[in-house]
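Welcome, and please load the model in your viewer. We will go from stop to stop, with a selection to make at each one.

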Amino acid sequence: MADALALIDANNFYASCEQALEPALLGRPVVVLSNNDGCVVSRSSEARQLGIGMGKPYFQIAGQLARHGVVVRSSNYALYGDMSQRLMSSLEPFVAELEVYSIDEAFARLPRPRHGDLHRWAAELRSRIRHNLGLPIAIGLAPSKVLAKLANRIAKGDQCCAGVFDLGREADPDPWLESTPVEEIWGVGRQLSRWCRLRGIANARQLRDMASGELRAKAGVVGLRLQLELQGVSCLPLEEGPTAKRETCVSRSFSRVITDESELRQAVASYVVRAAEKLRRQRQRSGRLTVFARTSPFSPGFYSQAASAALPLASNDTAVLLQTALRLVPAIFRPHKRFAKAGVLLQELQPEQQLQHHLLTPLPAEQQQKREALMQSIDQLNRRYGAGTVQWAVCGLQPSWMMRREQLSRAATTRLSDLPTVWAR
DNA sequence: TCTGGGGTCCTAGGACCC
DNA sequence: TCTGGGGTCCTAGGACCC
């Protein structure tokens, strides 16, 4: 029998992590906020039932949350990242191939047993993850990725499914496809769903059966692949192992507006430092660097500007990248503009070991090695003693525009001093 | 007053060439 | 003054994802 594709994900991942860490929150409405405590990015099912919308700005609903006694947390990426790694490594022994798709979900390939039924496998996996990590997961099974996503959605929504739904075992999948609104299909965004609705295509079954020529004219080969996947023809491959990134970006909104060029320089410098660390961890160098800044899109007179420069020699040396980036700052800064966000993009990434040396001015090998050793030492110190142990002076000390995280939970799984205490009697 | 961050893929169209 | 056809490469921006 053919293999099955599974989409396995954690329910309300960030909120569930907070509950796993602090069991007293179980059964209570919990929301997690984005950076700067900006918007709601995760809700426990209790919070969802109260009608708290996803993506809602916190300042607009703070009163409503307080009235309902909702527990509010700032996002704690150290915690979620670590829980994610534990989740993924727990899945591995259960499947033949695993593609980690995002922080809280993975596609997997597994052989179907002779009798075809995977419910026992799924039930065991769910109880193992619940027991070891305290996380609830849902599992969708189907012959293609798009259908596995769709099955996963049914597994979560339908009370009868107990977190597992196998579309591959349904004699007639059509009613399930018909109950899936076109907007809910993975790969259908705002534009495409509006176009579909205008043509009377309201659900997944209708999209699957529509004239493919028409779809191709609108959505190109992406649309055709989507349609084939809905027909159960797998054309999106499972991608194992992290594929090399093509670009890396670090950007943040400020906790308050910036109007001063020196502060914008500090912000850009801090993001470059972070981006360079990422690059070294990925064992890559960058050949082009872009810096950008913008005012708030919610205020009149929106302004957004980017500037980019090629590096003479691809690099992941923080000092080299800082020099290039800071030279670009005057090109994006404008006096009297109220900057709300800035960022840096590292592009034209290439593997570290394939360094193309400059023909005319090669850096002496000895000097090159010294620089690399320096970067390594800085990274090690910051990993061991915590981020910011070794800093770059251009970033400023304790700048006041830095992220706001007023309701942060502890780094209970990644920092010794934050370990939870258990009292035994 | 306060509205997230980090990615990928694809296409259209301009620049340039013979 | 007339000014085709076909190709490549690059970039910006759209669309989508979690």
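Before selecting anything, one term: a residue is buried when its relative accessible area is under 20%, exposed when over 50%, and partly exposed in between, using a 1.4 Å probe and protein chains only. This is a predicted model, in which local features need pLDDT of at least 70 and side-chain atom pairs count only at pLDDT 80 or more, while totals for chains, interfaces and linings use all residues. Residues are numbered from 1 along each chain as its sequence is written, chains are lettered from A and ligands numbered from 1 in the order in which they are written, and side-chain values use heavy atoms, with hydrogens and water left out.

**Stop 1: K145 and E99**

Select K145 and E99, whose side chains form a salt bridge with N and O 2.7 Å apart. (A salt bridge here is a side-chain nitrogen of Lys or Arg within 4 Å of a carboxyl oxygen of Asp or Glu.) The two partners are 46 residues apart, with K145 in helix α6 (residues 145–157) and E99 in strand β5 (residues 97–102). Helices (H or I, at least four residues) and strands (E, at least two) are DSSP runs numbered from the N terminus. Are these partners buried or exposed? K145 is buried at 5% relative accessibility, and E99 is buried at 6%.

**Stop 2: helix α4**

Now pick D82 and R86, a salt bridge with its closest N and O atoms 2.9 Å apart. Both sit in helix α4 (residues 77–91), and because they are 4 residues apart, about one helical turn separates them. D82 is buried at 15%, whereas R86 is partly exposed at 37%.

**Stop 3: a network**

Next, show R205 and E178, which meet in a salt bridge at 2.8 Å, N to O. R205 belongs to helix α9 (residues 204–209) and E178 to helix α7 (residues 174–178), so the pair ties together parts 27 residues apart in sequence. Add D174, R208 and D209 to see one network of salt bridges with shared partners, joining them to E178 and R205.

**Stop 4: DNA strand B**

Finally, select the residues with a heavy atom within 4 Å of DNA strand B, our cut-off for being near it. There are 20 of them, the closest being R225, C249, S251, R252 and S253. Of the strand's atoms within 4 Å of the protein, 70% belong to sugar and phosphate. Zoom in on S251, where a polar backbone atom is 2.2 Å from a phosphate oxygen of DNA strand B. In R252, a polar side-chain atom lies 2.5 Å from a phosphate oxygen of the strand. Strand β9 gives the largest share of this surface, 6 residues.

Methods. Polar contact = N/O pair within 3.5 Å; in protein donor to acceptor, adjacent residues only side chain to side chain.
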